[in-house]
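Got your viewer open and the mouse ready? Let's take a walk through this one, stop by stop.

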Amino acid sequence: LSGLWSVMRWLLVLIVLCIIAWAIWQWRRKLEIAREAQQRAKLAKAACVEHVTQTETPLTVAQATLAVESKNFAGADLKPLQEALEKAQSDLQKAQVHYSELDGADANPDKDGLTAGQYGQIAAAYEELREKLRSIRETINRVDQQIGALRALANSAQADIVASEETIASAGSKITAVESVGFRIPEARETLAKAVEALENAKREKSNKSYGLMREMLTSAKSLADKAMQEAETIRKRKENIDVELTSLQAQIAKTDGQIDQAAEAFGAISKEYAPGSWSHVTGNGSQAEEALEQARDVLAKAQANASMDKQEWTQAQLELEQVRGLVERASNLATAILNLRRDLDKAKAATPGEIEAARIDIQVARDYIASHDADVDDGLENELEQADNALGEARIELAGSQPDYIRIVKAAKEANNLADRILEKARDQYQQAQRQRKKAETTLREAERSIEAADSYIRNHRSDVDSDAQTLAQDAARAL
């Protein structure tokens, strides 16, 4: 028993030592984390100090530069820059006050003994202040860049004005060249006049040292000059496109005129050869096509006049050409309907003998199949086959007329053919079903015979054990079979 107590004491000592070691490790770990957080806070403060000390001088320089440049640039150009620097000055003063407050408060990262969380809060406060100071520096840098851009704009002002003058002169030459061949382009002249006005405004702003507005005016002048040049070039191209369309429509009218002549000949042929019911729906197509084509010629003549150099009514000419296209298309469609109908009727006429013969053969095949399998096929199929025969008979009667409707004949022959095919399919299905039933009956009969034979054999071999009722039942089954 004393040995057991000794072991337990040593075990308890070991546990206590482990707990002490773990506590020491945790304490040292916390110290290490706190030191790391303290180092980050020191770095954040140092970076903030750098921004505080290095922001005020660039701001002062920028303000001085802006004061010097006030005699070289108009107030409108410098006012946004002055406002940006004033705001930067105000923000810097607030940041400096905030830094002093942080430095004077219990937020010194050099102070030992704080927790990692406290050092983290100190670092976050200095990082937030550094971000504000960085934004102030960016504002100062932007102002410096904008001052440089204004200087560059002032230096290139005369060259930019000369370039705009050349662009306007080039546009004027282009307009004059187009006008010299007879085109009237008042819109281009008006646009060019606006470009010249914008250029004069740019020159005035240059003399006022308002280079920002000068740049806007020069941009507008160039844009207007380019637009005027494009308007002049567009008129010439527009005329060319209209002339091409006129030529194309003239060719289409001639082609459609030929289609109408062909349609007239075709209509005369089908009206003599085929039944009225097959072509009555295209009656009047020819005269309507001729009327539409005549209207197209009249409108085309107006378009030619409006597209001439005397009138130069380009928009109206284009509207009229669109109308001509619609009229020519209508005339062509009307004539094509007649030509297509003649094609279809001729094809139907050529196909009629073959369709009738195919229907006759299929009806006969169905009739022969029904006759050879009469016992297994319903009598009603014969009546249905008579309907196919009647349809074929109607087709033959129509064919014997003086003006057969071949489309109707072909349709009737195909219906008779399809009906005969369906009847033949039904007859085959009925015969196959009867075959299956016969096979099933034969199988059942053989099984019954085997059962009766087995019963008779058992009764003969066990006559002393089988009563008369069983023998009677076996005899009845044999008689029923």
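Which residues line the largest pocket? Before you go looking, keep in mind that this is a predicted model.

**Stop 1: the largest pocket**

Select Ala84, Lys87, Ala88, Asp91, Lys94, Ala95, His98, Leu129, Lys132, Ser135, Ile136 and Thr139, and you have the lining of the largest pocket on screen. The space in there comes to about 210 Å³. Now colour by element: helix 2 and helix 3 (116-155) are the ones that give two or more residues to this lining. Helix 2 gives the most, with seven residues. If you would rather colour by class, you'll get five nonpolar, three polar and four charged residues around the largest pocket.

**Stop 2: a salt bridge in the pocket lining**

Stay with two of those lining residues, Lys87 and Asp91. Their side chains meet in a salt bridge, at 2.9 Å from N to O. Both sit in helix 2 (residues 75-104), four residues apart, which is about one turn of the helix. Is Lys87 buried or exposed? Switch on the surface: Lys87 is exposed, with a relative accessible area of 53%, while Asp91 is partly exposed at 25%.

Why might such side chains pair up at all? Opposite charges on side chains can pair when the charged atoms come close.

**Stop 3: salt bridges from helix to helix**

Zoom out for a moment. How many salt bridges does a search of the whole structure find? The search turns up 21 salt bridges, and two more are worth a click.

Select Glu273 and Lys349, whose side chains meet in a salt bridge at 2.3 Å, N to O. Glu273 belongs to helix 6 (residues 211-273) and Lys349 to helix 9 (residues 314-372), so this pair ties together parts that are 76 residues apart in sequence. Glu273 is partly exposed, with a relative accessible area of 30%, and Lys349 also counts as partly exposed, at 33%.

Next, go to Arg367 and Glu386. They form a salt bridge as well, and here the closest N and O atoms are 3.9 Å apart. Arg367 is in helix 9 and Glu386 in helix 10 (residues 380-399), so the bridge ties together parts 19 residues apart in sequence. Both partners are partly exposed: Arg367 has a relative accessible area of 22%, and Glu386 comes in at 38%.

Before moving on, pick Glu131, Arg134 and Glu138: salt bridges with shared partners join these three into one network.

**Stop 4: the aromatic pairs**

Time for some rings. The structure holds three aromatic pairs, and we'll visit a couple of them.

Select Phe73 and Tyr211. Their ring centres are 5.7 Å apart and their planes stand at 75°, so this pair is edge-to-face. It links distant parts of the chain: Phe73 is in the loop between helix 1 (2-69) and helix 2, Tyr211 is in helix 6, and 138 residues separate them. Turn the surface on again and these two are hard to spot because Phe73 is buried, at 6% relative accessible area, and Tyr211 counts as buried too, at 10%.

Now try Phe183 and Trp314. This aromatic pair is tilted, with 6.1 Å from centre to centre and 40° between the planes. Phe183 lies in the loop between helix 4 (157-180) and helix 5 (186-207), and Trp314 in helix 9, so the pair ties together parts that are 131 residues apart in sequence. Are Phe183 and Trp314 buried or exposed? Both are buried.

**Stop 5: a charge over a ring**

Select Tyr369 and Arg428. Look across the ring and you'll find Arg428 over the face of Tyr369, at 5.7 Å from the ring centre.

**Stop 6: two positive phi angles**

Last, a look at the backbone. Pick Lys209, in the loop between helix 5 and helix 6. Lys209 is not a glycine, yet its phi is positive, at about 65°. Its relative accessible area of 35% makes Lys209 partly exposed.

Then jump to Gln312, in the loop between helix 8 (285-306) and helix 9. Gln312 is another residue other than glycine with a positive phi, near 55°. Where Lys209 is partly exposed, Gln312 is buried, with a relative accessible area of 9%.

Key
Residues numbered from 1 in each chain as written. Predicted model: local features only at pLDDT ≥ 70, side-chain atom pairs only at ≥ 80, totals over all residues. Heavy atoms only, no water. Salt bridge = Lys/Arg side-chain N within 4 Å of Asp/Glu carboxyl O. Buried < 20%, exposed > 50% of the residue type's maximum accessible area, 1.4 Å probe, protein only. Phe/Tyr/Trp six-rings, centres within 6.5 Å; stacked < 30°, edge-to-face > 60°. Lys NZ or Arg CZ within 6 Å of the ring centre and 35° of its normal. 1 Å grid on protein atoms, 1.4 Å probe; cavity = no way out; pocket = protein on both sides within 12 Å on 5 of 7 lines; lining within 4 Å. Points joined across faces, edges and corners; volume = space filled by probe spheres on them. Nonpolar A, V, L, I, M, F, W, Y, C, P; charged D, E, K, R; others polar.
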